[in-house]
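Welcome! Here is a short briefing to read alongside the model, arranged by topic.

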Amino acid sequence: MKGLFITLEGIEGCGKTTQLRLLSEHLEQRGAGVTVTREPGGTPLAEALRGLLLDPATGGISPLSELMMYAAARAQHVDAVIRPALDRGGVVLCDRFCDSTLAYQGGGRGICMDEIRTLNALATGGLAPDLTLLFDLPVETGLARSGRRGAPDRIEGEPADFHRRVRDAFLDIARAEPRRITIIDASAPVEDVFRSVCAVVDGLFQTRQNATLGGSAPPDRA
Ligand code: T5A
């Protein structure tokens with residue numbers, strides 16, 4: 001089986017990191033080799049950029065600079081971590097990826113979506129997830145959850161309207177790509193959300209297995 005690339009997306013406090021941990025354990029129990037990683041981050045350079053991007057002390061970053069910083073972190077991450085893990089045939093679980101840039105820098109900051117798509121394609125060499133789980137819930141619920149963790153980071157601290165635009169953009173992206181993106185109701189309790197996650201991911205594994213047994217090759221990854 002070729003590697004499998006799964007991304008988890010959503011607004012602040014949607015619970016994707018909690019689900020990523022549970023999903024990683026679930027897949028490891030099934031014998032899969034799992035790489036768990038995140039964006040921005042996953043390499044020393046990208047983690048350093050993450051620090052700058054999220055630290056309120058960094059202050060104002062122009063929307064275009066912010067976009068380029070996320071893209072620079074992604075290019076390094078794909079090259080050093082994601083592609084090698086997929087080439088080894090492993091499962092990569094990534095906390096955020098290109099859809100976050102479309103939602104936050106496109107929906108939130110108002111940068112042209114097509115220009116972001118072009119930059120994303122450049123940064124990833126055209127790599128796209130096999131499956132994206134979008135954890136959706138009302139902005140107020142998400143911000144209340146993330147607020148319980150302490151002081152907001154540079155992006156969490158944006159006004160509620162910003163986060164509403166981000167949520168709307170995520171939902172638009174999901175509607176445009178229903179085959180890749182599954183929307184999960186993230187307002188439910190952790191165990192219920194996880195049941196939905198397992199149903200989708202186990203279904204994908206089954207489909208892959210059937211395709212392998214049936215001898216049909218999975219589609220080429222760009
Ligand atoms: N960003 C990122 C961009 O602007 N552009 C980009 O291109 C990219 C890649 C990254 C920031 O950068 C921005 C987006 C972000 O602002 P991040 O660490 O991914 O930072 O940001 P967060 O969304 O804040 O991620 P977190 O891991 O901090 O939060 P999660 O994943 O939303 O949620 P989680 O699982 O940590 O849960 C949050 C709290 O809720 C509880 C948890 O116990 C925790 O306390 N919780 C639940 N409570 C009730 N019911 C449930 N079902 C719950 N699930 C979790």
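A residue counts as buried when its relative accessible area is under 20%, as exposed when it is over 50%, and as partly exposed in between, using a 1.4 Å probe and protein chains only. By that yardstick Cys14, at 3% relative accessibility, is buried. The model is a predicted one, in which local features need pLDDT of at least 70 and side-chain atom pairs count only at pLDDT 80 or more, while totals for chains, interfaces and linings use all residues. Residues are numbered from 1 along each chain as its sequence is written, and side-chain values use heavy atoms, leaving out hydrogens and water.

**Around Cys14**

- Look for Cys14 in the loop between strand S1 (4–10) and helix H1 (16–29); helices (H or I, at least four residues) and strands (E, at least two) are DSSP runs, numbered from the N terminus.
- Leaving aside residues up to four places away in sequence, Cys14 touches Glu9, Phe135, Leu137, Arg145 and Ala186, where contact means heavy atoms within 4.5 Å.
- Cys14 and Thr141 are 127 residues apart along the chain, yet 8.3 Å separates their C-alpha atoms.

**Cysteines and disulfides**

- A disulfide is a covalent bond between the sulfur atoms of two cysteines.
- Here a disulfide is taken to be a pair of cysteine sulfur atoms within 2.5 Å, and the count by this rule is zero.
- Why does Cys94 lack a bond to Cys98? The sulfur of Cys98 is the closest cysteine sulfur to that of Cys94, but at 9.1 Å it is too far for a bond.
- Cys94 is buried, with a relative accessible area of 0%.
- For Cys198, the closest cysteine sulfur belongs to Cys14, and the 17 Å between the two sulfurs is too far for a bond.
- Cys198 is also buried, at 12% relative accessibility.

**Helices H3 and H4**

- Two packed helices are described by the angle between their axes and the distance between the axes.
- The axes of helix H3 (residues 63–87) and helix H4 (residues 98–108) come within 11 Å and cross at roughly 175°; axes are lines fitted to C-alpha atoms, for helices over the stretch in contact, and angles run from 0 to 180 degrees between N-to-C directions.
- H3 and H4 are therefore roughly antiparallel to each other, since angles over 145 degrees count as roughly antiparallel, under 35 as roughly parallel, 65 to 115 as roughly perpendicular and the rest as oblique.
- H3 brings Glu66, Leu67, Tyr70 and Arg74 to the contact, and H4 brings Cys98, Thr101 and Gln105.

**Salt bridges**

- The whole structure holds 17 salt bridges, each a side-chain nitrogen of Lys or Arg within 4 Å of a carboxyl oxygen of Asp or Glu.
- Glu47 and Arg38 form one of them, at 2.7 Å from N to O; Glu47 is partly exposed at 30% relative accessibility, and Arg38 is partly exposed at 33%.
- Arg175 and Asp172 are joined by a salt bridge at 2.9 Å, N to O, and both lie in helix H7 (residues 160–176), three residues apart, about one turn of the helix.
- Arg175 is exposed at 57% relative accessibility, whereas Asp172 is partly exposed at 47%.
- Is Arg180 buried or exposed? Arg180 is buried, with a relative accessible area of 11%, and its salt-bridge partner at 2.9 Å (N to O) is Glu177, which is partly exposed at 36%.
- Glu66, Arg109, Arg154 and Glu158 are joined into one network by salt bridges that share partners.
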